[in-house]
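Visitor: I would like to take a close look at one part of this model, the contact between its chains, and then at the helix packing around that part. Please take me through it slowly, in one connected account.

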Protein chains: 2
Amino acid sequence: MGELSRRSGVPIATIKYYLREGLLEPGVATAANQADYGEEHLRRLRLIRALIEFGGAQVTGAHAVIEALGNPELHPHDLLGEAQAAVAPRKRPDRSTPEWAAARTRVEELIAAKKWLVMPGSPEIDRVADALATCLALGVTELVDNLDAYAASAAGIAEMEVAAVLSRRDAAARLELVVLGTVLGEALFGALRMLAHQHESARQLGFQVE
Amino acid sequence: MGELSRRSGVPIATIKYYLREGLLEPGVATAANQADYGEEHLRRLRLIRALIEFGGAQVTGAHAVIEALGNPELHPHDLLGEAQAAVAPRKRPDRSTPEWAAARTRVEELIAAKKWLVMPGSPEIDRVADALATCLALGVTELVDNLDAYAASAAGIAEMEVAAVLSRRDAAARLELVVLGTVLGEALFGALRMLAHQHESARQLGFQVE
């Protein structure tokens, strides 16, 4: 366990906590107070870290993702949903308002215009409507006006990410990339967006950077 | 306060809590148990909701953003940093490792190649390095390989968002869009990315959607 802690950078007390919570499988006992941990443990521990420490997931959310990863019947779409729900535990706005219904219609129009292959009852449609409805309620019409441009950019990212998942050989490696790509891809893109804001505001305001 | 609660959709108990925590200014007292709340209160309340309920910020984070909004000396860049820190309270990886240093160098090369106008000591550079280093530590090389494409996409989004901020007339309205755009733009883009994943996996796997 000491080596596992050293190689993963996770303190022993935290590893013991993950073991108690069932996030991590016990090692193979070799003596009364000794157990062997393999590469699989290290991999799993890194996944938990990505979800909890970097993605901001709660232990219960990470648990759901890890259970989903171990379920061979689960469709990758549903796993993606679990990963997304675990790292983005946001409250959603009231879905019974006329504003929300208008936002939902706007998303349906977008899907039709872009000929996106999306199931009509897909929960992702409602999540986009949640974000749009909140923009409308807060008077941030700029984001709504630029919806098409956001969608085009998201589609470009998604094309690349799905191709990366499909280029992995086996199902387990693909599923792992679905989860990690969801968490880390969002973090990476978010950080790049902030960096690009700095460049763009300097550029559009005509600043010089020394 | 009853009307403020009805119009904002925030329960009275929550409004009282925000008042006690100093997130919301008291209304103008009109009688012993009565106070008037104006449009400014409604606007502020919606901003707090966006930060806390939709962006997942903590009360202390929302407090920092609201204080920053009231500070006329603060540069919009720093306000953006406050907003981002409030809604993304992620643990960062160890910055003393050789892997992190390699990731940091990769970000510097990206900035140079794209000729981005970014201050050399900007904290956003470190945040991108955090995300990249975590990808490398977890063996998710696909995201690192696609860094240029992520950056190009982030630049497109940022160009549009900065233009929207600059098209607002007064400083207060601009600052509000900086904060709300950071929170809601990320939520909107994230939801669209998930929706686009569904389309792309159906398309690349050759599925039909009925």
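Guide: What follows goes from the chain itself to the contact between the chains and then to three pairs of packed helices. Please keep in mind throughout that this is a predicted model, and that every value below is computed from it.

Chain A is built from 10 helices and 2 strands, and its elements, read from the N terminus, follow the order α-α-β-β-α-α-α-α-α-α-α-α. Taken along its principal axes, the C-alpha trace of chain A spans about 65 × 50 × 35 Å.

The relation between the chains can be stated exactly: a turn of 180°, with a shift of 0.0 Å along the axis, lays chain A on chain B with an RMSD of 0.0 Å. This is the relation of a two-fold axis. The same surface serves both copies, since 100% of the contact residues of chain A recur in chain B. If you wish to find the axis from within chain A, look for Ser153(A), whose C-alpha lies 3.0 Å from the rotation axis and comes closest to it of the residues of that chain.

How much of each chain takes part? The contact draws 85 residues from chain A and 85 residues from chain B. The size of an interface is often given as the accessible area lost when the parts come together. Here the area buried between chain A and chain B is about 8200 Å², with carbon and sulfur atoms giving 71% of that area. On the side of chain A, the residues that lose the most area to chain B are Phe54(A), Leu117(A) and Tyr150(A), which together account for 9% of what that side buries.

We can now turn to the helices. Two packed helices are described by the angle between their axes and the distance between the axes.

In chain B, helix H3 (residues 39-54) packs with helix H10 (residues 171-204) at an angle of about 35°, their axes being 10 Å apart, and the crossing of H3(B) and H10(B) is left-handed. From H3(B), the residues Arg43(B), Leu47(B), Ala50(B), Leu51(B) and Phe54(B) meet Glu176(B), Val179(B), Leu180(B), Val183(B), Leu184(B) and Ala187(B) of H10(B). The residues of this contact of H3(B) with H10(B) comprise 9 nonpolar, no polar and 2 charged.

Also in chain B, the axes of helix H6 (residues 98-114) and helix H9 (residues 147-166) come within 11 Å and cross at roughly 55°, which makes H6(B) oblique to H9(B). The crossing of H6(B) with H9(B) is right-handed. Here Arg106(B), Leu110(B) and Lys114(B) in H6(B) meet Leu147(B), Asp148(B), Ala151(B) and Ala152(B) in H9(B), a set that divides into 4 nonpolar, no polar and 3 charged residues.

Back in chain A, helix H6 (residues 98-114) and helix H7 (residues 123-137) have axes that come within 8 Å and cross at roughly 125°, an angle that makes H6(A) oblique to H7(A). The crossing of H6(A) and H7(A) is right-handed. Among the residues that make the contact are Trp100(A), Val107(A) and Ile111(A) of H6(A), together with Ile125(A), Leu132(A) and Leu136(A) of H7(A). Counted over the whole contact of H6(A) with H7(A), the residues are 10 nonpolar, no polar and 5 charged.

Definitions and conventions. Residues are numbered from 1 along each chain as its sequence is written. Chains are lettered from A and ligands numbered from 1 in the order in which they are written. This is a predicted model: local features need pLDDT of at least 70, side-chain atom pairs count only at pLDDT 80 or more; totals for chains, interfaces and linings use all residues. Side-chain values use heavy atoms; hydrogens and water are left out. Copies are superposed by least squares on the C-alpha atoms of residues with pLDDT of at least 70 in both. Contact means heavy atoms within 4.5 Å. Axes are lines fitted to C-alpha atoms, for helices over the stretch in contact, and angles run from 0 to 180 degrees between N-to-C directions. Helices (H or I, at least four residues) and strands (E, at least two) are DSSP runs, numbered from the N terminus. Angles under 35 degrees count as roughly parallel, over 145 as roughly antiparallel, 65 to 115 as roughly perpendicular and the rest as oblique. A crossing is left-handed if the near helix is turned anticlockwise from the far one by less than a right angle, and right-handed if clockwise. Ala, Val, Leu, Ile, Met, Phe, Trp, Tyr, Cys and Pro count as nonpolar, Asp, Glu, Lys and Arg as charged, and the others, Gly among them, as polar. Buried area is the accessible area (1.4 Å probe) that two parts lose on being put together, summed over both.
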